[in-house]
Amino acid sequence: MFVSNSVKNIKYYLIALVILIIGAVLLNRLLSENNQLEQQKIEAELKKAHTEAINNAKSGIQVYATLVSSIKSYTKNSETFPSEKNLQIYLKDLLGNVKFDDSILVNYIDKDHVFKYVVTPNQIDPQKLKGTSGKSFLSPERTIELEQHMLDDKIRLFTPINLREGWTGFPFNFSARNNKNEILGYFSPVINVKYLLDFFYTHNQEKIFLHKFIIKDSFDLTREGYYNDTKIYSELKDEEYYKNYNINDSDYIYSSIDLFGLELKVGSAFKIKPQTSIKNNCLAFGWYAILSILVLLSLSQYLKNRRLNQTLKEVNNLVVQKNDELEINLSKIQTLIKEIHHRIKNNMQMVAGILLMQENEYEDENIKQALKDSQNRIRSMSLVHEKLYGNVTLKDVKTKEYVEQLLEYVEDTVKNKSMHLLKEINIDDGLFFDAETASDLGLILNELVTNSFKYSFKDNVKNKLSITIIDNRPNFKLIYKDYGEGLSDDFNYKTSDSLGMELINILTEQLQGKLEYKKLPESTFIINFKPHEKSFHS
């Protein structure tokens, strides 16, 4: 049986383990899907920021392109080609309340690449470039490119140039023509990159995202410098320059846009790349591990309880079987005890009968009376065994019923026909005493009642006796009254050599009691006693 239960228990553990493994696999799948959703959310957030960066880059440059277009229209449509001063006034009016300060520099250069006008909204020729030939610092390639550009009518954005420390410019070049459409050279409005990028950064979440700007897929652009292999001496630092961050190139997403003929590559990345929540995964698996342990512990406890219940069931069946056997034996014992009580009662009645026969053999009244008293005493004890024989418990005697029947025995034996007796018995119907206590009380009452008939009750008058038992557990009080004249004043009930009084004193001591007597107002015996065994109410 033990081996069989062990095999079953292993089977349950294996089933629980398989279920927990399946649960772990499902949990891992669920967490993986959740991580994928989080990763997609992160990627979507970066794409959104990148799209905004592209749009802001376009919008920023478009603003400057609009300004350049206005300057182009002004120079081309004026009645006479504007002077340097007229160009400055127009530029200042054009910018109006926009705080560009000196962030835009308009250069008019003739066909030979000599600077003719150098204008800012507030200054003329701040760089001292007038009369300088661009060929002295422009590369041959750029010079040829500018000569070709003079021939078309488009606005073109050239690669940035480093004009001075911290002043990187975007040149928007277009052909300089008069109102007769004659080519006079070219204009080169140069816009400070810092203002362009400042416009961009103020429209982006710069605390979260980082952006890089690459010209022609090789040169880096920042607000403070253009890194095109030329030396940069500026002490100004672009705090948002992407090389200030240790970010892998693979973390960027890129888009290329064409801005007036210039290819600009924009990259976007998180400054601190969000990670999918490993903490949540660990927490989830931690709780699952705790849950798994609780499941296994619960299963172990369940199997243990089940085994205990099975054992208890087997033991209970054994107990039931033993109880059945005990009930059979108890029934036999009860029958035997009943038979014993019945035989004792019969034997006592036989003794009482013998004493009655001997009574007829004597003429002496004292001897006859002694024999009668002995009969009553034997009958009082016999009555106890009779009550036990008829009681289910075979142990306890119903006290009130016993006292009533005892009085009838004594009354039948002692009472004269002319004597009237009123009996008052105040005993709880539910009061039971053990056999030994009932026997002692019966003998005491037998003596008291017999004495009342002998010395207190009179013929042809209404006599009265009262028997009361008061329950003051663990003590009880027996009160006996016969309402007669009572004992003589010189009678000492404690030292009397009367057999009846001696018997009452001895029985009182056996009940651990105390005997008291009061002559007034009624002749009263009071006995405080303790039962031999615990008494109870039904």
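**Entry 1: strand β1 and its partners**

I started with β1 and β2 (residues 115-119), and found them joined by four bridges and running antiparallel. This is a predicted model, so I read what follows as computed from a prediction. Within this pair, I109 stands opposite F115 of β2. I then looked at the connection: β1 and β2 make a hairpin, and four residues lie between them. In that turn, H113 has a positive phi of about 70°.

Next I looked up which other strands pair with β1. Strand β6 (residues 183-187) is joined to β1 by three bridges, and the two run antiparallel. I noted D110 here, whose bridge partner in β6 is G185. Strand β7 (residues 190-192) also pairs with β1 in the antiparallel sense, over two bridges. For that pair I wrote down I104, which has I191 as its bridge partner in β7.

**Entry 2: how covered is β1?**

How many of the residues of β1 are buried? I found that seven of the seven residues in β1 (residues 104-110) are buried, and the strand is mostly covered. In a regular strand the side chains alternate between the two faces of the sheet. I therefore listed the two sides of β1 separately: I104, V106, Y108 and D110 are on one, and L105, N107 and I109 are on the other. Both faces are covered, and the residues named on each side are all buried. D110, the partner of G185 in β6, is thus among the buried residues.

**Entry 3: a five-stranded sheet**

I moved on to an open sheet of five strands, and wrote its order as β10-β9-β8-β12-β11, with antiparallel pairing. Which strands are at the edges? They are β10 (226-227) and β11 (253-259), and each of them pairs on one side only. Inside the sheet I checked β8 (residues 209-215) against β9 (residues 219-221): two bridges join them, and they run antiparallel. I215 has F219 as its bridge partner in β9.

**Entry 4: T437**

I looked up T437 and placed it in helix α8, which covers residues 435-456. Is T437 buried or exposed? Its relative accessibility is 0%, so T437 counts as buried.

I then searched for polar partners of its side chain. The side chain of D434 makes a polar contact of 2.7 Å with that of T437. A polar atom of the T437 side chain also lies 2.8 Å from the backbone nitrogen of H532. Beyond its neighbours within four places in sequence, T437 is in contact with L511, F529, P531, H532 and E533. H532 thus appears both in this contact list and as the residue whose backbone nitrogen lies 2.8 Å from the T437 side chain.

**Entry 5: a patch on the surface**

I turned to the surface and found a nonpolar patch formed by L283, W287, I290, I293, L294 and L297. Together these residues have about 640 Å² of accessible area. I picked L297 for a closer check and placed it in helix α5, residues 278-359. L297 is exposed because its relative accessible area of 53% is over the 50% cut-off.

**Entry 6: whole-protein totals**

Last, I noted the totals. The protein has nine helices and 20 strands. Of its 538 residues, 40% are buried. Among contacts with a separation of 6 or more, 64% are between residues 24 or more positions apart. The protein exposes about 31,100 Å², and carbon and sulfur atoms supply 54% of that area.

Note on methods:
Residues numbered from 1 in each chain as written. Predicted model: local features only at pLDDT ≥ 70, side-chain atom pairs only at ≥ 80, totals over all residues. Heavy atoms only, no water. Buried < 20%, exposed > 50% of the residue type's maximum accessible area, 1.4 Å probe, protein only. Polar contact = N/O pair within 3.5 Å; in protein donor to acceptor, adjacent residues only side chain to side chain. Contact = heavy atoms within 4.5 Å. Pairing = 2+ DSSP bridges. Patch = residues over 30% accessible without salt bridge, like charges linked within 9 Å, V, L, I, M, F, W, Y side chains within 5 Å. Areas by Shrake-Rupley, 256 points an atom, 1.4 Å probe, with all protein chains shown as cover. Salt bridge = Lys/Arg side-chain N within 4 Å of Asp/Glu carboxyl O.
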